[in-house]
Amino acid sequence: MKQITDIVKQYWGFDAFMPLQREATQCVMEERDSLVVLPTGGGKSLCFQAPALAMSGMAVVVSPLLSLMKDQVDALRANGVPAARIDSTMTAAERRSTHEAIQARRMKLLYVSPERMAQPNFIAYLQVIGVAYFVVDEAHCISHWGHDFRPEYREMRALHDNFPDTAIHAYTATATNQVRRDIISQLHLRDPAQLVGNFDRPNLNYRVQKRAKGVTQIMETVDAHKGEPGIIYCLRRTDVDTLSDQLTAAGYKALPYHAGMNDIERKRNQDAFSNDEVDIIVATIAFGMGIDKSNVRFVLHTAMPKSIEHYQQETGRAGRDGLPADCCLLYSYQDFMVWKNITGKMEDDKARRTSQQKLREMLGYSQGFACRHKALSEYFGQPYANSRCDACDVCLEQFEKMENSGEIAGHIFRAVNALGDIAGPRYTTLVLTGSEDERIKARRHNKCASYSALSAYDEKTVRDWIEQMTQQGYLEKQGEYSILYVTSTGHDAFTSGEGGPQLMRPAPKTTGKKATRAAAAPVTSDQYDAGLFDALKKTRLETARKNNVPPFVVFSDATLRDMARRMPDSYDTFLSVQGVGEKKREAFADRFLEIIRVYRNDHPDTTPVKSNPSDSTRKPNPSSEKAGALFEQGRSIAEVAEIMKRSPSTVEGYIVEYFYRQKRTNPEPWITPDTMDAVRRAFTEVDGERLKPVFEKLNGEIPYWQIRLCKVCLENQSEEDTAGG
Ligand code: ADP
């Protein structure tokens with residue numbers, strides 16, 4: 001069997017795996033069910049696509065959207081991988097040729113919709129053909145607890161019954177623990193390996209601002225990214241149309257996208273964005289799922305999405321090439337109310353409660369002042385180790401901490417108590433700032449001690465502090481009119497004078513500006529010749545037009561950058577560029593080599609840059625490094641899991657990776673010599689390197705991770721022997 005690393009190099013042109021890709025491909029090849037959770041841009045597709053070329057038979061990928069399927073199939077074919085999709089838009093001739101390729105056992109990957117996967121005659125067809133393994137992409141769609149439940153996904157609950165000997169691999173970018181458990185139970189996954197990637201996207205710079213009237217805030221972000229691709233999300237279709245027109249009138253290259261437009265128009269606009277013909281797409285959340293554009297430099301939300309899952313997925317479309325990108329969220333309490341009304345109408349009790357809980361969490365994120373990277377990581381169940389990220393508005397000090405928070409909070413507490421149970425945030429603010437409002441005089445609240453107590457600050461700031469105190473649990477709002485009350489936490493803090501709220505306000509503009517630029521700092525080691533990059537981009541666009549495919553199907557931005565860095569001068573060295581596999585070399589090398597040659601002739605001083613940032617993918621991730629140090633102390637899996645607050649199955653993955661990296665040959669004390677011996681014998685008897693037969697041979701008594709660890713040690717031993725001999 002061909003090594004998976006060779007396949008990845010030959011077809012995809014990558015030298016190294018991204019985190020967890022190796023483990024995920026291993027699960028597929030070992031035919032062990034798996035649940036893989038990697039963030040957008042984490043390289044999920046490669047994990048389930050590459051093994052198909054190493055294994056016999058055809059893999060079936062279930063995917064929710066036609067556009068998504070099409071992009072993946074196009075990209076696979078461009079790499080020379082036999083792949084196809086079956087969908088209702090195909091012509092009879094396309095159907096026939098796909099069927100013939102399947103019958104002739106030439107097909108490696110087949111993409112289908114969940115609806116098709118539920119059809120009895122299609123199931124029967126696949127049972128005859130045989131399926132190497134199933135992949136359920138966007139697997140969170142199967143869960144009520146997820147943010148994008150699709151009833152048609154539920155039909156796949158019978159997949160394991162219909163194909164008892166075939167492994168199922170579920171993939172998703174967003175899953176809280178609850179969703180993860182639900183995916184496993186709905187799909188009846190059997191002792192699945194669970195691989196959960198790092199959710200933090202260090203190259204994304206997060207910012208949250210309260211929305212002001214008008215388009216000034218929007219223009220600030222757009223102007224900071226002149227000529228760069230960006231996505232602007234709006235809540236309503238009318239907002240999309242209005243903003244898109246405004247931007248166009250102001251001279252920006254922008255197009256709208258929403259479900260109210262017809263298919264042709266929508267596709268045309270999406271293509272124009274994909275093909276770099278326009279910079280900005282203004283869209284509702286209908287846009288994005290099928291988008292594989294790697295160089296999106298900003299994602300701007302003009303309103304609050306309805307869940308952190310949505311927010312993460314939508315912002316995840318920025319900076320997939322690993323280069324800095326900005327994610328700016330403009331929100332108002334109004335957005336919360338709009339969503340609350342919409343979700344309040346949901347008939348299903350469970351779905352309504354879940355949605356409203358998610359909505360509150362989203363509001364909490366928007367109003368909160370914790371590091372954004374930390375807040376997002378922790379929401380998805382991952383501890384965030386860094387004390388500050390240097391890539392969010394909070395850590396970059398775009399907010400000013402109020403040194404006199406205790407004093408301000410005291411005034412607010414007293415006002416809320418004094419106004420009894422009649423006042424909401426707005427009225428309380430008016431009293432505190434000493435407003436001349438007639439209602440205040442009529443109720444004689446201008447005579448109370450709190451009147452004008454915070455007149456040194458403007459209404460917006462005071463109102464914001466009330467929201468912050470609510471968010472931090474010191475106040476609560478009740479009923480239709482959001483009447484304010486002091487909570488028991490608030491009462492305790494107020495009476496003891498200890499542990500009160502920390503209040504913030506936006507910092508003066510000069511420090512605020514730092515943010516957009518600062519995000520660039522950690523990643524600017526990416527050196528390449530910008531002039532050559534532009535020339536290569538132009539050629540890419542021409543090539544793409546000629547072949548009638550989006551430019552990213554030719555080469556990604558990351559690949560062109562690597563080309564502009566290495567400046568290959570021969571057919572051989574062209575293959576060293578990250579993202580160039582054999583098929584693409586054959587198709588495009590001549591053309592691109594020529595551009596490089598001409599460019600270097602015209603610019604004789606340019607030289608290739610030796611260091612290659614993509615080598616960083618070979619480095620262990622910090623968590624597994626930390627785990628390594630604990631393994632060195634001889635700690636057990638359970639202990640490391642406890643210390644690192646990870647699940648034991650994650651730590652099992654770490655130890656295997658650590659042993660692999662360190663080329664360790666002795667698995668004691670985690671594995672007894674007897675077990676190691678038994679595994680060695682079983683491997684000798686089963687002939688091959690799959691784990692499943694070994695697992696079965698050992699009567700299922702030795703868990704997979706132990707078998708895998710033994711296998712790594714055995715491989716390392718044999719490598720040592722060869723090297724020594
Ligand atoms: P996801 O589906 O998880 O959002 P993709 O599969 O679209 O992510 O991969 C994101 C990007 O990373 C793509 O441009 C892909 O070509 C690239 N990529 C995937 N694996 C590797 C790798 N091992 N080395 C370099 N780039 C990779």
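Here are three short exercises, with worked solutions, on the ligand site, the cavities and a pocket of this predicted model.

**Exercise 1. Work out which residues surround the ligand and which polar atoms face it.**

Step 1: Start with the shell. There are 15 residues around the ligand, and those that come nearest are Ala 16, Gly 41, Lys 44, Ser 45 and Arg 320.

Step 2: Sort the shell by class. You should get 6 nonpolar, 6 polar and 3 charged residues.

Step 3: Ask which element gives the most to this shell. That's helix H3, residues 44-54, with 3 residues.

Step 4: Now go after the polar atoms. Ser 45 has a polar side-chain atom 2.4 Å from a ligand oxygen. Gly 43 uses its backbone instead, with an N or O atom 3.1 Å from an oxygen atom of the ligand. At Gln 21, a side-chain N or O atom sits 3.0 Å from a nitrogen atom of the ligand. The cut-off for a polar contact is 3.5 Å between N or O atoms.

Step 5: Finish with the surface. On its own the ligand exposes 560 Å², and 78% of that is buried by the protein.

**Exercise 2. Count the cavities, then describe the lining of the largest cavity.**

Step 1: Set the threshold at 30 Å³ or more, and the count comes to 3 cavities.

Step 2: Take the largest cavity, whose volume is about 100 Å³. It has 13 lining residues, and the closest to its centre are Phe 199, Arg 201, Tyr 206, Gln 312 and Leu 376.

Step 3: Map the lining onto elements. Strand S8 (204-210), helix H14 (308-315) and helix H17 (372-379) are the ones that give two or more residues. H17 has the largest share, 3 residues.

Step 4: Check the chemistry. The lining of the largest cavity splits into 5 nonpolar, 6 polar and 2 charged residues.

**Exercise 3. Do the same job for the second largest pocket: find its volume, then its lining.**

Step 1: The volume of the second largest pocket is about 1200 Å³.

Step 2: Go to the centre. Of the 41 lining residues, Leu 66, Ser 67, Tyr 257, Lys 267 and Gln 270 are the closest to it.

Step 3: List the elements that supply at least two residues each: helix H4 (66-78), helix H13 (263-274), H14, helix H25 (530-547) and helix H26 (551-554). The largest share, 6 residues, belongs to H13.

Step 4: Class the lining of the second largest pocket, and you end up with 15 nonpolar, 11 polar and 15 charged residues.

Terms used:
Residues are numbered from 1 along each chain as its sequence is written. This is a predicted model: local features need pLDDT of at least 70, side-chain atom pairs count only at pLDDT 80 or more; totals for chains, interfaces and linings use all residues. Side-chain values use heavy atoms; hydrogens and water are left out. A residue is near a molecule or strand if one of its heavy atoms lies within 4 Å of it. A polar contact is a pair of N or O atoms within 3.5 Å; within protein, one must be able to donate a hydrogen and the other to accept it, and residues adjacent in sequence count only if both atoms are side-chain atoms. Accessible areas come from the Shrake-Rupley method with a 1.4 Å probe; for residues, only the protein chains shown count as cover. Helices (H or I, at least four residues) and strands (E, at least two) are DSSP runs, numbered from the N terminus. Ala, Val, Leu, Ile, Met, Phe, Trp, Tyr, Cys and Pro count as nonpolar, Asp, Glu, Lys and Arg as charged, and the others, Gly among them, as polar. On a 1 Å grid over the protein atoms alone, a cavity is a set of points where a 1.4 Å probe fits but cannot get out, and a pocket is an open set with protein on both sides within 12 Å along at least five of seven lines; lining residues have an atom within 4 Å of a point. Grid points are joined across faces, edges and corners, and a volume is the space filled by probe spheres set on the points.
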